[in-house]
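Take a look at the structure below. The text that follows walks through the surroundings of its ligand.

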Amino acid sequence: MTNKQAAIKVVKVLRQNGFEALLAGGCVRDMLLRRRANDYDVVTDARPDEVAKLFNRTLKVGVKFGVVIVLIRGMHVEVATFRTDADYADGRHPVSVQFTNAAEDASRRDFTINGMFFDPIDKKVIDYVGGQVDLKKRLIRTIGKAEDRFAEDHLRMLRAVRFSTQLGFVIEPTTFAAICSLAGDIKKISGERIAMELEGILVAPNRSAGAAMLVKSGLAEQIFGGFVGDKAALAVGVLGQLPKKIDFSLGLAGFFAGLETETAVEGLRVLRLSNKQKKHVKYLLANRGRLLKEKMSLAELKQFLAEPYFEDLYSLERALQVVCVGGGEGIVALQALRRRIDQLGDVELRPAPLLDGHALVRLGAVAGPELGQLAEEMYIAQLEGELQTGEEAERWVRKWLKKHRTIEG
Ligand code: ATP
Ligand code: MG
């Protein structure tokens with residue numbers, strides 16, 4: 001059973017028990033666009049307790065907001081009672097909700113294309129907000145007055161940019177004008193929520209257009225600072241040159257490609273990324289330019305390749321070269337590097353050292369900084385292919401110790 005079939009089953013059960021029930025929101029939009037929907041949400045006039053009574057297994061996590069999750073044949077279906085959201089106190093969360101009818105439930109939703117219902121039994125679209133017209137025109141338009149809707153919930157400004165990016169739709173001019181004038185309010189939204197929407201924008205293949213909207217509306221400048229003029233243009237350009245499928249970290253590195261690493265890392269703090277993501281983005285930014293180095297040693301190349309982020313760094317550098325210098329020498333250098341990598345075949349990038357610390361001490365190394373340096377230099381010689389066996393490594397270490405002792409002595 002698919003999640004769509006599960007949702008339709010829930011609709012049927014509600015109907016059989018005398019309630020109104022429809023599919024709602026994003027899934028209706030996606031069905032009409034023949035896109036695969038993320039999730040199929042059900043709306044109904046049944047109250048949460050009435051919904052809960054009709055199904056064996058439910059989760060009452062959002063009952064306060066009229067939402068019950070129905071567990072049916074291994075699927076989760078969100079069932080929400082028709083509601084209006086009253087009094088947004090903090091620019092994000094309604095203080096209370098009131099149960100109501102379908103038309104009012106439609107008008108509390110964010111954009112016309114997200115405000116439609118679908119009756120899966122009679123196969124009918126129920127559209128109180130002009131969603132079908134805007135879907136045809138490929139427009140993102142708020143339901144009701146844009147200023148009011150963005151003042152209620154500031155996150156909607158970023159959602160507008162995300163839907164526009166993901167669907168390739170234009171943000172309708174008065175809706176966009178409202179975003180431009182209210183962009184400063186985005187700072188009142190939590191970093192985690194901003195990051196979720198930004199991720200949707202930056203991983204979409206159309207991310208360059210999304211970034212251009214973030215810049216033009218002032219949202220990027222309000223969230224991070226530094227997104228004006230050349231730096232902003234570079235971000236848009238670089239994002240346009242990255243591969244189609246990327247993850248959030250590479251998207252962020254592309255977005256911040258015009259900024260110094262330290263400035264970027266500082267700016268990114270608002271997003272409250274995981275340590276892993278922070279490390280990933282920082283690595284990509286801090287290593288800009290390093291793959292272009294002429295005559296990179298084999299050991300250095302292997303060390304790069306052993307990094308989990310190597311391919312992302314390569315993609316970022318390629319995009320930077322195309323945008324900053326229109327290709328040229330940088331691209332030639334990157335292509336040469338790629339050929340060298342291909343010729344390496346499947347050599348081991350991170351072999352165990354031929355000798356461990358104990359072996360080095362047995363050979364006469366003194367624990368402490370000397371041991372560390374010796375171990376590192378021996379490992380580089382190993383990666384370079386100079387040392388193949390334990391005996392070769394031992395001979396090399398004896399020589400190293402002799403040389404260093406005579407210099408010091
Ligand atoms: P996606 O495919 O990205 O999940 P979606 O349209 O399903 O897109 P959700 O965030 O899952 O988006 O929300 C489901 C529906 O709830 C939306 O289609 C919209 O009708 C409504 N909605 C969600 N967030 C808001 C909001 N901040 N303000 C008003 N309505 C919203
Ligand atoms: Mg959804």
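**Around the ligand**

Begin with one contact: in Asn38, a polar atom of the side chain is 3.2 Å from an oxygen atom of ligand 1. Taken alone, the ligand exposes 590 Å², and the protein buries 80% of that. Keep in mind that this is a predicted model.

Where does ligand 1 sit? The place is the largest pocket. There, 14 residues surround the ligand. Those that come nearest are Arg29, Asn114, Asp153, Arg156 and Arg162.

Two of these arginines reach ligand oxygen with their side chains. Arg29 places a polar side-chain atom 2.7 Å from an oxygen atom of ligand 1. For Arg162, a side-chain N or O atom is 2.8 Å from an oxygen atom of the ligand.

Now sort the shell by residue character. Nine of its residues are charged. Four are polar, and one is nonpolar.

Which helices each supply at least two residues of the shell around ligand 1? They are helix 2, spanning 26-32, and helix 7, spanning 155-167. Helix 7 gives the most, with four residues. Arg29 falls within the range of helix 2, and Arg156 and Arg162 fall within that of helix 7.

Finally, step back to the domains. Domain 1 covers 1-130, and domain 2 covers 138-284. Each of them contributes at least three residues to the shell around ligand 1.

Definitions and conventions: Residues are numbered from 1 along each chain as its sequence is written. Chains are lettered from A and ligands numbered from 1 in the order in which they are written. This is a predicted model: local features need pLDDT of at least 70, side-chain atom pairs count only at pLDDT 80 or more; totals for chains, interfaces and linings use all residues. Side-chain values use heavy atoms; hydrogens and water are left out. A residue is near a molecule or strand if one of its heavy atoms lies within 4 Å of it. A polar contact is a pair of N or O atoms within 3.5 Å; within protein, one must be able to donate a hydrogen and the other to accept it, and residues adjacent in sequence count only if both atoms are side-chain atoms. Accessible areas come from the Shrake-Rupley method with a 1.4 Å probe; for residues, only the protein chains shown count as cover. On a 1 Å grid over the protein atoms alone, a cavity is a set of points where a 1.4 Å probe fits but cannot get out, and a pocket is an open set with protein on both sides within 12 Å along at least five of seven lines; lining residues have an atom within 4 Å of a point. A molecule sits in a cavity or pocket if more than half of its atoms lie within 2 Å of its grid points. Ala, Val, Leu, Ile, Met, Phe, Trp, Tyr, Cys and Pro count as nonpolar, Asp, Glu, Lys and Arg as charged, and the others, Gly among them, as polar. Domain bounds come from an automatic or database domain assignment.
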